[in-house]
Amino acid sequence: MVVCACAIAAAGALVVIAPQLNFTARATPSWLETRLAGYVLRRAVRNHAAAQPNPLPATAENIKAGEHEYLEHCAVCHAPDGSARDLLGADFFPPIARLARGAPSWSDGELYYIIANGIRYTGMPGFGQRHDPGEIWKMILWIRHLPHLTAQEKAELNQRGECMPQHEQHSPAPLSYFSRGKRLA
Ligand code: HEC
């Protein structure tokens, strides 16, 4: 009975207090909110993602196909080289994740889950409805390849970045909800 009353009081307080919080993308949320949201999102991904390794081999052909998909759908936010340098001239919260380190904290199945389904209440869209699994697995091969870019690949990607819309302002070092306050790259 007491537990029940406490739960109702807590839910009531949440309904009253939560709308008072500042949910704009430009505000820096409190330490508690960031930790809590980061914890919930990480756990949700880990609970739902399949423990499946990438079924596709990391052949040059598959990685190239992944790069092609990535440049088409992801580079506008994550930047061609995964550095998340500001191409949009806008502020995100949580900030766009830097994939330049290949997202080492996620397994293949978890990356697949994130890319296919997106992450609600962040800017990360879901691609699973309009892309077949093979395309997503190839993009994951490319993301894993990002930390090992050769000098020539970097130069080519930078050239592509130059061709994309440029803005003078650069966003602050991105901190993903998932990164527990650590820089991703
Ligand atoms: C409109 C901008 C946008 C686009 C387009 C976008 N992303 Fe994201 N992505 C984000 C944001 C913002 C986050 C950070 C979410 C968070 O921290 O909760 C993110 C997070 C991620 C993550 C989780 C990495 C981590 O450790 O936090 C992966 C993996 C990812 N994106 C891959 C992709 C891929 C692959 C594509 C293209 C198919 C893509 N994204 C397209 C904005 C975008």
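This tour goes through a predicted model, from the overall fold to a helix pair, the nonpolar core and two loop residues.

**Whole chain.** Start with everything displayed and coloured by secondary structure. The protein has 7 helices and 0 strands, so the viewer should show the pattern α-α-α-α-α-α-α along the sequence. Of the 185 residues, 25% are buried. Among contacts with a separation of 6 or more, 74% join residues 24 or more positions apart.

**Helices α2 and α5.** Select residues 31-48 for α2 and residues 108-117 for α5. Their axes are 9 Å apart, and the helices pack at an angle of about 110 degrees. That angle falls in the range from 65 to 115 degrees, and α2 and α5 are therefore roughly perpendicular to each other. Now show side chains at the contact: Val 45, Arg 46 and His 48 on the α2 side, and Glu 110, Tyr 113 and Ile 114 on the α5 side. By class, this contact has 3 nonpolar, 1 polar and 2 charged residues.

**The largest nonpolar core.** Keep α5 displayed and add α6, residues 133-145. The largest nonpolar core has 24 residues. Within this core, Leu 111, Tyr 112, Met 139, Ile 140 and Ile 143 have the most contacts. The elements giving two or more residues to the core are α5 and α6, and α6 supplies the largest share, 7 residues. In soluble globular proteins, nonpolar side chains tend to be buried together.

Centre on Leu 111 next. Not counting residues up to four places away in sequence, what does Leu 111 touch? The partners are Ala 103, Trp 106, Ile 140 and Ile 143.

**Ile 96.** Move to the loop between α4 (75-78) and α5, where Ile 96 is found. Is Ile 96 buried or exposed? Ile 96 is buried, because 27 other C-beta atoms lie within 10 Å, and 20 or more are required for that class. Draw a distance from its C-alpha atom to that of His 78: the two are 6.4 Å apart, although 18 residues separate them along the chain.

**Gly 123.** Finish in the loop between α5 and α6, with Gly 123 selected. Gly 123 has 16 other C-beta atoms within 10 Å and is therefore partly exposed. Leaving aside neighbours within four places in sequence, Gly 123 is in contact with Cys 77, Phe 92 and Ile 96, the last being the loop residue visited at the previous stop. Between the C-alpha atoms of Gly 123 and Cys 77 the distance is 9.1 Å, with the two residues 46 apart along the chain.

Conventions: Residues are numbered from 1 along each chain as its sequence is written. This is a predicted model: local features need pLDDT of at least 70, side-chain atom pairs count only at pLDDT 80 or more; totals for chains, interfaces and linings use all residues. Helices (H or I, at least four residues) and strands (E, at least two) are DSSP runs, numbered from the N terminus. A residue is buried if 20 or more other C-beta atoms lie within 10 Å of its own, exposed if 12 or fewer, and partly exposed in between; C-beta atoms are placed from the backbone. Axes are lines fitted to C-alpha atoms, for helices over the stretch in contact, and angles run from 0 to 180 degrees between N-to-C directions. Angles under 35 degrees count as roughly parallel, over 145 as roughly antiparallel, 65 to 115 as roughly perpendicular and the rest as oblique. Two residues are in contact if their C-beta atoms, placed from the backbone, lie within 7 Å. Ala, Val, Leu, Ile, Met, Phe, Trp, Tyr, Cys and Pro count as nonpolar, Asp, Glu, Lys and Arg as charged, and the others, Gly among them, as polar. A nonpolar core is a set of buried Ala, Val, Leu, Ile, Met, Phe, Trp, Tyr and Cys residues joined through C-beta atoms within 7 Å.
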